[in-house]
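Dear colleague,

I am passing on to you the structure we spoke of, with the sequence beside it. Please look through it once before reading my notes, which come straight after.

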Amino acid sequence: MAQTVVPLRAIRAESSIGPGDVGLDDVRVPGAVARLEDVIGREARTTLYPGRPIAPGDLAEPAVVERNQVVAMRYLAGGLSIAAEGRVLSRARPGERIQVMNLQSRNTVWGVVTEHGVVEVGR
């Protein structure tokens, strides 16, 4: 029997989705997510309303850094490696490009967030 994943309650944007937040509807909607495993642990991109099918585009990987969080910055070039601390200027997921303010120099640089929350500068 084909099923579709639907929220059991309203899920706000940028909220993590847990097992108690979603369930299965017996009606199959083309293009909607059909397995609970594909939704649980992900993050809502937009507000999800109870009973409405969840599309793959409604979901994202959870953010690993939050706005104003202090993170490690790393610059690697050839054999040169420089490390510093910075404050991220926006919330981001792994692989996203963000601006980070170096706490020592107060300069703002661009970097890419790793899955561990480190920002690699100069990639």
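What follows is a description of the chain as a whole and then of a few residues in it.

Please keep in mind throughout that this is a predicted model, and that the remarks below describe that model.

**The chain as a whole**

The chain has nine strands and zero helices, so that its pattern, read along the sequence, is β-β-β-β-β-β-β-β-β. Its radius of gyration is 19 Å, whereas a compact globule of 123 residues would come near 14 Å. The box filled by the C-alpha atoms, when taken along the principal axes, is roughly 55 × 25 × 20 Å. Of the 123 residues, 33% count as buried, and the accessible surface of the chain comes to about 7400 Å², with 50% of that surface belonging to carbon and sulfur atoms. If one takes the contacts between residues at least 6 apart in sequence, 43% of them join residues at least 24 apart. As for charge, the chain carries 15 positive and 14 negative charges, and the mean positions of these two sets are 7 Å apart.

**Gly 86 and Asn 102**

Gly 86 belongs to strand β6, which covers residues 80-88, and Gly 86 is buried because its relative accessible area is 0%, under the 20% cut-off. Beyond its neighbours within four places in sequence, Gly 86 is in contact with Gln 69, Val 70, Val 71, Met 73, Val 100, Met 101, Asn 102 and Leu 103. The C-alpha atom of Gly 86 is also separated by 9.9 Å from that of Val 118, a residue 32 places away along the chain.

Asn 102, one of the contacts of Gly 86, sits in strand β7, residues 97-102. Asn 102 has a relative accessible area of 16%, and since buried means under 20%, Asn 102 is therefore counted as buried. A polar atom of the side chain of Asn 102 lies 3.1 Å from the backbone nitrogen of Ser 105. With neighbours within four places in sequence left aside, Asn 102 is in contact with Met 73, Ala 84, Glu 85, Gly 86 and Asn 107, so Met 73 appears in the contacts of Gly 86 and of Asn 102 alike.

**Glu 120**

Is Glu 120, which carries a relative accessibility of 15%, buried or exposed? Glu 120 counts as buried, because 15% is under the 20% cut-off. Glu 120 lies in strand β9, residues 119-121, and its side chain makes a polar contact with the side chain of Arg 74 at 2.6 Å. Arg 74 is also among the residues in contact with Glu 120 once neighbours within four places in sequence are left aside, the others being Gly 111, Val 112 and Thr 114.

**Two residues with positive phi**

Most residues other than glycine have a negative phi. Against that background, Glu 14 has a positive phi near 70°, and Asn 68, which is not a glycine either, has a positive phi of about 75°. Glu 14 is found in the loop between β1 (4-7) and β2 (22-25), while Asn 68 is found in the loop between β4 (59-60) and β5 (70-77). Glu 14 counts as partly exposed, with a relative accessibility of 47%, and Asn 68 likewise counts as partly exposed, at 38%.

With kind regards

Conventions. Residues numbered from 1 in each chain as written. Predicted model: local features only at pLDDT ≥ 70, side-chain atom pairs only at ≥ 80, totals over all residues. Heavy atoms only, no water. Helix = DSSP H or I, 4+ residues; strand = E, 2+ residues; numbered from the N terminus. Rg over C-alpha atoms; globule rule 2.2 N^0.38 Å. Buried < 20%, exposed > 50% of the residue type's maximum accessible area, 1.4 Å probe, protein only. Contact = heavy atoms within 4.5 Å. Areas by Shrake-Rupley, 256 points an atom, 1.4 Å probe, with all protein chains shown as cover. Lys, Arg positive; Asp, Glu negative; His and termini not counted. Charge placed at Lys NZ, Arg CZ, Asp CG, Glu CD. Polar contact = N/O pair within 3.5 Å; in protein donor to acceptor, adjacent residues only side chain to side chain.
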